[in-house]
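Please look at the following model with its strands, turns and pockets in mind. The report below begins at one hairpin and widens from there.

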Amino acid sequence: MGAVDFGAFVAELASQSGQAILPFFRAHHVTEDKSGGGVFDPVTEADRAGESVMRHLIKRHFPAHGVLGEEFGSENTEAEYVWVLDPIDGTRAFISGIPVWGTLIGLTRQGVPVYGMMHQPFSGERYSGDGRQARYEGPGGPRKLCTRSVPDIAAATLMTTSPGLFQGEEASAFARVESQVRLSRYGCDCYAYCMLAAGHVDLVIESGLKPYDIVALIPIIEGAGGVVTSWDGGSAAGGGRIVAAGSKALHQAALALLAG
């Protein structure tokens, strides 16, 4: 990684992107639909401003690294280290004035997620992890993140962005899990995964994710003691259908229900 202080560099990425994004939050701004006529997929000036700042800093400090971002695509992704960026994960919440969006900053080495941060500049919170440990910084001071262990799935709290995003058999699979848990809550995008890492919820199940939606969150969840994979138990780094759980036992129970 060179002589650059890695922790200080990631903190600078978070700070600079936050400064670029925050003036647009709860302000009048232009929202575009990049779905091409499909399900509404908003993008704002804030998304582009945040990613531009991060790309500039990465290129200046780590010119040999690759970058994969939601707004400006991929560059040099064959490199050993690749940054995976989502300037505003939860743009629908952002344009609605709801502070459950976040900036996702992920780093992979040879395709494996090795570091991640979720920064919420409005609340001043940062969740970070390297797969071995995870930390929170924000109001109330820093602390270690740790998932909680529930006795069985009947005691679990489940989250997803929206059950309406599941179609066909996916909807049936999600419903099987939801029918077994104590409580289910919708919304929150990346915030749901951080609440899992912090021990407030137990399961997050989603579908249709892109790598930039999940790569940064994997080292946070794993560093806090959780498990995150695809629905078939494989790597979550490529996105797609994702299940995250606070414990191995709960993860296995969720996989079994998803498989029917």
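Strands E7 and E8 form a hairpin with 4 residues between them, and Gly-124 in that turn has a positive phi of about 75°. This is a predicted model, in which local features need pLDDT of at least 70 and side-chain atom pairs count only at pLDDT 80 or more, while totals for chains, interfaces and linings use all residues. Residues are numbered from 1 along each chain as its sequence is written, and side-chain values use heavy atoms, with hydrogens and water left out. Strands (E, at least two residues) and helices (H or I, at least four) are DSSP runs numbered from the N terminus, and two strands pair if DSSP finds at least two bridges between them.

**Around strand E8**

On its other side, E8 forms a hairpin with E9, again with 4 residues between the strands, and here Gly-131 in the turn has a positive phi of about 90°. Of the 5 residues of E8, 5 are buried, where buried means under 20% relative accessible area, exposed over 50% and partly exposed in between (1.4 Å probe, protein chains only). Glu-125, Tyr-127 and Gly-129 point one way from E8, whereas Arg-126 and Ser-128 point the other way. Several strand pairs are set side by side here, each with one pair of partner residues.

| Strand pair | Sense and bridges | Partner residues |
|---|---|---|
| E7 and E8 | antiparallel, 5 bridges | Gly-116 and Gly-129 |
| E8 and E9 | antiparallel, 4 bridges | Tyr-127 and Tyr-136 |
| E5 and E6 | antiparallel, 7 bridges | Tyr-81 and Arg-109 |
| E11 and E13 | parallel, 2 bridges | Leu-158 and Leu-203 |

**The two sheets**

E8 belongs to an open sheet of 8 strands with mixed pairing, in the order E4-E3-E5-E6-E7-E8-E9-E10. Its edge strands are E4 (73–75) and E10 (143–144), each of which pairs on one side only. Helix H2 (residues 45–61) lies across E3, E4, E5 and E6 and runs at about 155° to E5; contact means heavy atoms within 4.5 Å, and axes are lines fitted to C-alpha atoms, for helices over the stretch in contact, with angles from 0 to 180 degrees between N-to-C directions.

The other open sheet has 5 strands in the order E12-E11-E13-E15-E14, also with mixed pairing. Strand E12 (183–186) and strand E14 (227–230) each have a single partner strand, so one side of each is left without a neighbour in the sheet. Neighbouring strands of this sheet are turned by 20° against each other on average, direction ignored. Helix H8 (residues 248–259) lies across E13, E14 and E15, running at about 145° to E15. In the loop between E15 and H8 is Ser-247, which is buried with a relative accessible area of 13%. Ser-247 and Glu-222 are 25 residues apart in sequence and 9.8 Å apart in space, C-alpha to C-alpha.

**The second largest pocket**

The second largest pocket has a volume of about 290 Å³. Among the 16 residues that line this pocket, the closest to its centre are Phe-6, Tyr-115, Ser-128, Gly-129 and Asp-130. Helix H1 (6–21) and strands E7 (112–120), E8 (125–129) and E9 (134–137) are the elements that give two or more residues to the lining. A pocket is, on a 1 Å grid over the protein atoms alone, an open set of points where a 1.4 Å probe fits, with protein on both sides within 12 Å along at least five of seven lines, and lining residues have an atom within 4 Å of a point.

How values were computed: Grid points are joined across faces, edges and corners, and a volume is the space filled by probe spheres set on the points.
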